[in-house]
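Hello,

Here is the structure I promised to pass on to you. Have a look at it first, and then read on for what turned up in it.

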Amino acid sequence: MGIVVNNVSKQFGSFRAVDQVSLEIKIGSLVALLGPSGSGKSTLLRMIAGLEKPDAGEIWLVGENATYKSVQERHIGFVFQHYALFKHLTVRENVAFALELRKAPKNRIKQRVEELLDLVQLQGLGDRYPSQMSGGQRQRVALARALAVQPQVLLLDEPFGALDAKVRKELRSWLRHLHEGVKVTTVFVTHDQEEAMEVADEIVVMNQGRVEQVGTPAEIYDQPATAFVMSFLGSVNVLPANSGIQPNNGLVTPDDQVFLRPHDVLIQTHAAEDVAPAKVNHIIHLGWEIRVELLLELGQRINVHLSREQFQQLELQENQQVYIKPKKAKVFPAYALS
């Protein structure tokens with residue numbers, strides 16, 4: 001394993017930031033720590049880096065116990081959200097900084113810097129200063145600097161959080177391709193579900209200092225282990241047991257909640273067996289997708305996402321009586337969201 005976290009905990013005063021977390025990350029994988037603010041993901045990343053010491057538990061890096069090793073001894077690369085570049089140094093000098101600290105031969109430093117500028121697609125920009133570059137370019141410089149010393153592990157703390165949506169989207173794809181080239185064990189922290197789904201081999205979903213589920217993007221989305229995972233990852237309708245919506249296995253108790261994704265709702269215009277009556281309350285046209293808000297008999301609202309083709313076939317209108325049936329629904333105890 002590239003990284004093994006064994007029963008690690010960390011407390012700040014009365015706040016338990018990380019609570020008995022155990023985790024294994026394969027060598028060469030790209031893993032996302034995903035969760036809301038305060039879920040413990042950044043604290044866990046900082047403990048892997050050596051920037052925080054755990055109160056309990058162990059951290060192993062590439063087969064060695066690194067729990068009490070210094071940051072320098074861990075052979076990691078760390079990229080922060082706000083770049084942390086030296087403003088008075090050129091791009092080339094920023095990338096070379098760690099190699100110069102290690103007193104690497106000058107010809108080797110020059111060769112390595114040019115290799116990295118090529119890798120992060122900043123050829124010809126080595127003599128610029130950070131202030132002369134865009135946010136996306138500066139983040140690429142930060143990644144090149146982190147990779148300069150050929151780390152065993154690369155850690156990224158909300159690496160695209162300070163960038164606008166368009167640049168973030170571009171850099172996600174770029175990071176995925178970069179990782180395929182360097183294959184260094186990489187862990188990145190994000191609260192952006194789409195970012196985690198698009199970039200990571202595996203996702204670690206965290207909540208209140210604990211790991212809720214670990215799996216591939218498809219596993220996390222299609223087979224959520226808890227109510228929190230299903231509600232946090234993607235859009236979902238959360239309905240009470242008496243809503244009239246029956247899950248596919250038919251097993252629902254009064255203390256349960258039914259979780260149903262908007263694209264997993266089948267709308268019919270005629271009554272049939274095992275359907276729930278509803279009324280079309282609002283229709284939103286988004287071009288590539290149509291969003292329909294329905295009202296169930298007891299007043300609960302349910303959102304449905306339809307393709308243009310599906311919408312055209314149904315010919316829906318506001319206030320129309322329709323009937324719905326879940327294609328796939330999951331049941332969790334109501335208290336599970338707390």
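Two residues are in contact when they have heavy atoms within 4.5 Å of each other. Please also keep in mind that this is a predicted model.

With that meaning of contact, let's start at L295, which sits in strand β15 (residues 289-296). Leaving aside neighbours within four places in sequence, which residues is L295 in contact with? They are A278, K279, N281, Q300 and R301. L295 is partly exposed, because its relative accessibility is 27% and that class covers values between the 20% and 50% cut-offs. If you would like a distance to try in your viewer, pick the C-alpha atoms of L295 and G215: they are separated by 35 Å, and the two residues are 80 apart along the chain.

Now for the whole protein. It has 338 residues, and buried ones make up 47% of them. You can find 9 helices and 18 strands. Taken along the principal axes, the C-alpha atoms fill a box of roughly 80 × 45 × 30 Å. Among contacts between residues at least 6 apart in sequence, 65% join residues at least 24 apart.

The outside can be described too. The protein exposes about 16,700 Å², and carbon and sulfur atoms supply 49% of that area. As for charge, there are 36 positive and 38 negative side chains, with the centres of the two sets 8 Å apart.

One spot on the surface to look at is a nonpolar patch of about 200 Å², made by L51, V71 and F80. V71 belongs to the loop between β5 (64-65) and β6 (76-79), and V71 is partly exposed, with a relative accessible area of 30%.

Finally, a word on backbone angles. Most residues other than glycine have a negative phi. Which way does H75 go, positive or negative? Phi of H75 is positive, near 55°, and H75 is not a glycine. H75 lies in the loop between β5 and β6, where its relative accessible area of 39% makes it partly exposed. D274 is another non-glycine residue with a positive phi, about 60°. You will find D274 in the loop between β13 (265-268) and β14 (276-285). Is D274 buried or exposed? D274 counts as exposed, because its relative accessibility is 59% and the cut-off for exposed is over 50%.

Happy exploring, and do write back with any questions!

Best wishes

Key. Residues numbered from 1 in each chain as written. Predicted model: local features only at pLDDT ≥ 70, side-chain atom pairs only at ≥ 80, totals over all residues. Heavy atoms only, no water. Patch = residues over 30% accessible without salt bridge, like charges linked within 9 Å, V, L, I, M, F, W, Y side chains within 5 Å. Areas by Shrake-Rupley, 256 points an atom, 1.4 Å probe, with all protein chains shown as cover. Salt bridge = Lys/Arg side-chain N within 4 Å of Asp/Glu carboxyl O. Helix = DSSP H or I, 4+ residues; strand = E, 2+ residues; numbered from the N terminus. Buried < 20%, exposed > 50% of the residue type's maximum accessible area, 1.4 Å probe, protein only. Lys, Arg positive; Asp, Glu negative; His and termini not counted. Charge placed at Lys NZ, Arg CZ, Asp CG, Glu CD.
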